[in-house]
Amino acid sequence: MPINNAFEFFIQLHLTERCNLRCKHCYQTGKTVNEMSLREIEEITGEIADTITAWKETYDIKYATSFNVTGGEPFLRKDLFEVLEEIINRGFDVFLLTNGILVDKKTAKVLFNLGVKGVQVSIEGPEAVHESIRGKGSFSGSRKGIKHLLDAGLKVTLNTTLSRINANYFMDLIGLASNFGVHRLGFSRLVPSGQGKAMLKDMLSSNDILDLYRKIFSVDTGSLEIVTGDPVASQLSTSGDTENRDLLTGGCAAGLSGLTILPDGTLVPCRRLHIPIGNIKRDSLREVWATSGVLEAIRDRGRYQGKCGDCNRWAFCRGCRAIAYAFSKAHGENDFLAEDPQCFIHRS
């Protein structure tokens, strides 16, 4: 989608499935996989950079390109700094996603000196709520990491995954984020896949989502910025253009403005939508982006099911494909084009 007259394109790079926590809602399985080596990461980063350059020259379009680097827990990769340096040297903005526990003063300073643009740390609510999801001692560990990051001069975003366990505490989290001194507070919805599959019953209803989002967007947060990638949330401030409703202009990023690379090189449309569409070690990014049948389907309004396929805001929303897919799988459907079960915009 256009950002400041440039087309946003991002890669989410998962370096490892290994993690020092076992969070209840994690969309990953935690299974051991063969991780790409530093050399392989250097090669694919070069290929991606070349692809972006070719797109710029072919289509005469400006691109705002970035990498979101994460895991598992990315600090369990001993070559993390070398990976970040390689990506930054290729001209990409880099953002790091972590639980923050392994961040010390020295580590934070290195991230700042490398030129990392920002760090996202997961916090699920006040201490007791956070630790009911992420484990005993995780809150204080993450808080120490956040302090080190801020002291080093890095921009920090807190992010929470909303479910019945913590939704009632989100407003408390706004005060907590302000007290921490972070720059932004983000949120996403629970995806019942991976380890989070056991939390299907903890998904919020569409009415719960609507009520919570209205509260979030009505509160004065001062200098704290509230951010989200949830396409449904964005509809509260989007009018909807019914005249161009088949032309993708925003909403769910899958198939539109980014892809995810898993630790073994597998390509998926989104970090939470685990449908393999190739492998970056053997497949050209440019070819996958242009010819993937899965991505083609995601971009085709006529193939969507239920209220998402019948909504005049399809072009700017399309619901969360990952939630739609995981929810449909839980009910025996296996359909990534199913309707978003938590949508409050278009009601039957």
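Start the tour by selecting Asp60, which lies in the loop between α1 (38–59) and β3. Helices (H or I, at least four residues) and strands (E, at least two) are DSSP runs, numbered from the N terminus. This is a predicted model, in which local features need pLDDT of at least 70 and side-chain atom pairs count only at pLDDT 80 or more, while totals for chains, interfaces and linings use all residues. Residues are numbered from 1 along each chain as its sequence is written, and side-chain values use heavy atoms, with hydrogens and water left out.

**Backbone stops**

Stay on Asp60 and check its backbone: phi is positive, about 50 degrees, although Asp60 is not a glycine. Asp60 counts as exposed, at 71% relative accessibility. Here buried means under 20% relative accessible area, exposed over 50%, and partly exposed in between (1.4 Å probe, protein chains only).

Next, select Asn334 in the segment after α12. Asn334 also has a positive phi, near 60 degrees, and is a residue other than glycine.

Now pick Gly71 and Gly72, which are joined by a cis peptide bond with omega about 20 degrees. Gly72 is placed in the loop between β3 (63–70) and α2 (80–89). As background for these stops, most residues other than glycine have a negative phi, and most peptide bonds are trans.

**The second largest pocket**

Keep Gly72 selected and turn to the second largest pocket, with about 600 Å³ of space. Of the 37 residues lining this pocket, the closest to its centre are Cys26, Tyr27, Gln28, Gly72 and Arg134. Colour the strands β4 (93–98), β5 (118–122), β6 (156–162) and β7 (184–189) as well: these are the elements that give two or more residues to the lining. The lining divides into 8 nonpolar, 18 polar and 11 charged residues.

A word on terms: on a 1 Å grid over the protein atoms alone, a pocket is an open set of points with protein on both sides within 12 Å along at least five of seven lines, whereas a cavity is a set of points where a 1.4 Å probe fits but cannot get out; lining residues have an atom within 4 Å of a point. Grid points are joined across faces, edges and corners, and a volume is the space filled by probe spheres set on the points. For the residue classes, Ala, Val, Leu, Ile, Met, Phe, Trp, Tyr, Cys and Pro count as nonpolar, Asp, Glu, Lys and Arg as charged, and the others, Gly among them, as polar.

**Aromatic pairs**

Time to show the rings: the model has 13 aromatic pairs. Rings of Phe, Tyr and Trp (its six-membered ring) pair if their centres lie within 6.5 Å; planes under 30 degrees apart count as stacked, over 60 as edge-to-face and the rest as tilted.

Select Tyr213 and Phe217, with ring centres 6.4 Å apart and planes at 65 degrees, so the pair is edge-to-face. Both residues lie in helix α7 (residues 206–218), 4 residues apart, about one turn of the helix. Tyr213 is buried, at 0% relative accessible area, whereas Phe217 is partly exposed, at 41%.

Move on to Tyr304 and Trp314, an edge-to-face pair at 5.5 Å centre to centre, with 85 degrees between the planes. This pair links distant parts of the chain: Tyr304 is in the loop between α10 (293–298) and α11 (306–309), and Trp314 is in the loop between α11 and α12 (321–330), 10 residues apart. Tyr304 is buried at 6%, and Trp314 is buried at 1%.

For a cluster, select Phe7, Phe9, Trp55, Tyr63 and Trp289, which ring pairs link together. Add Arg299: its charged end sits over the ring of Trp289, 4.6 Å from the ring centre. Such a charge is NZ of Lys or CZ of Arg within 6 Å of the ring centre and within 35 degrees of the ring normal.

**Around the cavity**

Return to Trp314 and add Arg318, which lies over the face of Trp314 at 5.7 Å from the ring centre. Both residues help line the largest cavity, along with others including Lys307, Cys317, Cys343 and His346. The whole structure holds 1 cavity of 30 Å³ or more, and the space in the largest is about 60 Å³. Its lining has 6 nonpolar, 2 polar and 3 charged residues.

**Last stop: the cysteines**

Which cysteine sulfur is closest to that of Cys317? Cys343 holds it, at 5.9 Å, too far for a bond. Cys317 is buried, at 8% relative accessibility. Finish at Cys320, where the closest cysteine sulfur, in Cys252, is 5.7 Å away, again too far for a bond. Cys320 is buried too, at 7%. With a disulfide taken as a pair of cysteine sulfur atoms within 2.5 Å, the count comes to 0 disulfides.
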